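Reader: Before we discuss anything in detail, could you put the sequence and the model in front of me, so that I can follow each answer on the structure itself?

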Amino acid sequence: MQALPLTQSGIQQRGLMSSSEYTFKRVQVCLPEPSKLVVMCDKRKRQCVCLCQVYKSCLDGLLPNYQAFYRVCSRLTKHQSTLLSGQDKQLLVALAGMDVSVPHVAVVSLAVCCRALKLCKVPAAVLHAFDDIRLKPASQVVLGLPEHILAAHAQPSPNPVQLQMTTPFPVTLPECALPADFKKQHGLLAKLHKHLVRRAVLAQHMGEFKSFSTSPFQLNRKGIAHSSRTWQNSEKHVYLFLGYCHHYQQVSQPTLQLFLSSPLIAQFVSFHIAAGHSQLYIRNFPSCAKCVLRWWQSKPGGNHPSFVAGLEWLQTLGLQVADQLPRPSKDPKGLADIGKWMCAADLVHTIHGAEQQSQAQMQQQGVTVETSRDMHDAALAAMIFSHLPPVRLSCIRSLVGPAYLGPCLHPDCKEPSCEGNRLSIMSESPLLMRISLPHHKNARKWGKAVIEFDVPSDLAQLLHTYLGAPRKALLEHHLLIGDACPYVFMDMHGRGFVAAAVLTLYWQKWLVSRGGVPMNPSMCRQVFVDERQSDSATAGPSNQGAAMVMGHSVKQWDKWYDMQYHPRLAQNAVDGMQSWRAAMLQSHTLAAPDLTLSTALHCGHVLVSDSEESQYQSCCSDSDSDIDIELD
């Protein structure tokens, strides 16, 4: 869309003003750099202002006054501003010459803008310019400020990025005391700083970094491409770091150039250690920083020697952080004491009771939203635990129903014939259902091998009942989604469990309502392995087959899932030593040889004589043979 003429008649000729409740004019002021504004007046003569040109720069390009102005405006409006849509948005975008794909256009009142400017102590000429706009709303004149005002705050040329790391590198982590305004949600994705994510420079950096990390063939990148889940984790690490720099280090416009500052990285790690945040996140951040550094290294001019030293420094930082912040050990007894553990028998009994109750209520009360939700919850719980070895939650969340005939919904799938993780009905009589999971965590390592199995008859009957009238009742109840929801299981709003945290909270709430404890659904895998590896394990599936359905190998049980692996092996070894000792005592039936010490000394050596045959050896202190004997 081309920019429209400034005159009111030109706008009216295009017919765009006919359906708008605003009148528009375009002005230019300095706050503190030259910026284009569009001032709008509604039918009640209330005036709003929109900043149309956001200054683009790298690390230190923005002047403090501009950033302060932005923050004061947000505070004065309590983070609430008028969002435009439809013809109003199109008209504003056209006048401002903005990109037509801009997702959100928000405006604030002109009075708030003037108050913010006064609080930020901007030049007096800027205040006079805004007062002129406010007092003469009908003016169509583009404001021209004096040249000496513009010269003081002239828009500089974009900062060339210096592709080298800050040296010298810190040799230890700095001490960190939590600031008085400490907030857990300090990242750029938090509500307070979300507008910074859309800044042009950061958006460009993130787009290039994502392309570099996720492209299937990127030969100047070390390693394979990031999956969608890995990229989401990397993006979260980046935004948390940039949010820390913006909120606590007063960086006006955070960009990926901040990763070239080793002191900032050291301060960030020290900050999270002091705050007691997740050990897993702190250990993984140096790996994310190395990925960003390799992206900078791939750009023109990225062959500076400081990059090699920086990668080595980050490698050392990651190793030492992992050593000092090891993965916390957990045991069933400790988790049970804090209400985060249920044994396998209790969990199976709870889920079985929910299945029977949902089926009984369905027969007594018929198909209602409440009874349908109860059957949905029972079917979901039965899929997570009890009938099957605990399948990965990502596979359950992405499981589509038999009625879905569209393309694969997995974001990383590039196979045109793939049907995704699917629950299929193979036959109605006898009832046979099958689960196929081509997308699981180890699919790439297994050569794209599919986890596929037939559903047990009891679980198949429960799922078949739920996929009928109960699921249709839930879809009709959730008008926003309707029949478009392709997934087998859905949350309270009729949407699939796309986010893992949503399923975790949903499961915990349901488990507590059934008399259980708020245990994470992923902990069901540890519960199952704990029972299968215990000395009192009941008859059940083979460990190798169960591990295959769970999406890993038996070796992973000992490393990650069996929380009693080390104490159980240690106790079994101590108990076995007692029987070994008794066997050693019983086997000692032959008399020990009668060894006596000879009192005769020869050359300072003690000679050992046998009771049956005496042998005397000559000792030559200077011979090589004697030295060898003594060493032996």
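Reader: Leaving aside its neighbours within four places in sequence, which residues is His237 in contact with?

Author: This is a predicted model, and in it His237 lies in helix α9, which spans residues 228-248. Once the neighbours within four places in sequence are set aside, the residues in contact with His237 are Tyr281, Asn284, Phe285 and Cys288.

Reader: Does His237 count as buried or exposed?

Author: The cut-off for the buried class is a relative accessible area under 20%. Because His237 has a relative accessibility of 7%, it falls under that limit and counts as buried.

Reader: How should Asp331 be classed by its relative accessible area?

Author: Asp331 is found in the loop between α12 (305-324) and α13 (332-337). A residue is buried under 20% and exposed over 50%, with the partly exposed class in between. Since the relative accessible area of Asp331 is 38%, which lies between those two limits, the class is partly exposed.

Reader: What distance separates the C-alpha atoms of Asp331 and Asp562?

Author: Along the chain, Asp331 and Asp562 are 231 residues apart. In the model, the separation of their C-alpha atoms is 9.1 Å.

Reader: Which residues line the second largest cavity?

Author: A search of the whole structure finds three cavities of 30 Å³ or more, and the second largest of them holds about 40 Å³ of space. Helices α15 (369-384) and α19 (500-513) each supply at least two residues of its lining. The residues that line this cavity are Asp377, Leu380, Ala381, Tyr506, Trp507 and Trp510.

Reader: How do the lining residues of the second largest cavity divide into nonpolar, polar and charged?

Author: Asp counts as charged, whereas Leu, Ala, Tyr and Trp count as nonpolar. The lining of the second largest cavity, which includes Asp377, therefore divides into five nonpolar, no polar and one charged.

Reader: Which residue in β7 does Ser427 stand opposite?

Author: Strand β6 (residues 422-428) and strand β7 (residues 431-437) run antiparallel and are joined by six bridges. The two strands form a hairpin with two residues between them. Within this pairing, the residue of β7 that stands opposite Ser427 is Leu432.

Reader: Taking the protein as a whole, what percentage of its residues count as buried?

Author: The secondary structure comes to 24 helices and 10 strands, and the accessible surface to about 35300 Å², of which 55% belongs to carbon and sulfur atoms. Of the 632 residues of the protein, the share that counts as buried is 43%.

How values were computed
Residues numbered from 1 in each chain as written. Predicted model: local features only at pLDDT ≥ 70, side-chain atom pairs only at ≥ 80, totals over all residues. Heavy atoms only, no water. 1 Å grid on protein atoms, 1.4 Å probe; cavity = no way out; pocket = protein on both sides within 12 Å on 5 of 7 lines; lining within 4 Å. Points joined across faces, edges and corners; volume = space filled by probe spheres on them. Helix = DSSP H or I, 4+ residues; strand = E, 2+ residues; numbered from the N terminus. Buried < 20%, exposed > 50% of the residue type's maximum accessible area, 1.4 Å probe, protein only. Areas by Shrake-Rupley, 256 points an atom, 1.4 Å probe, with all protein chains shown as cover. Pairing = 2+ DSSP bridges. Contact = heavy atoms within 4.5 Å.
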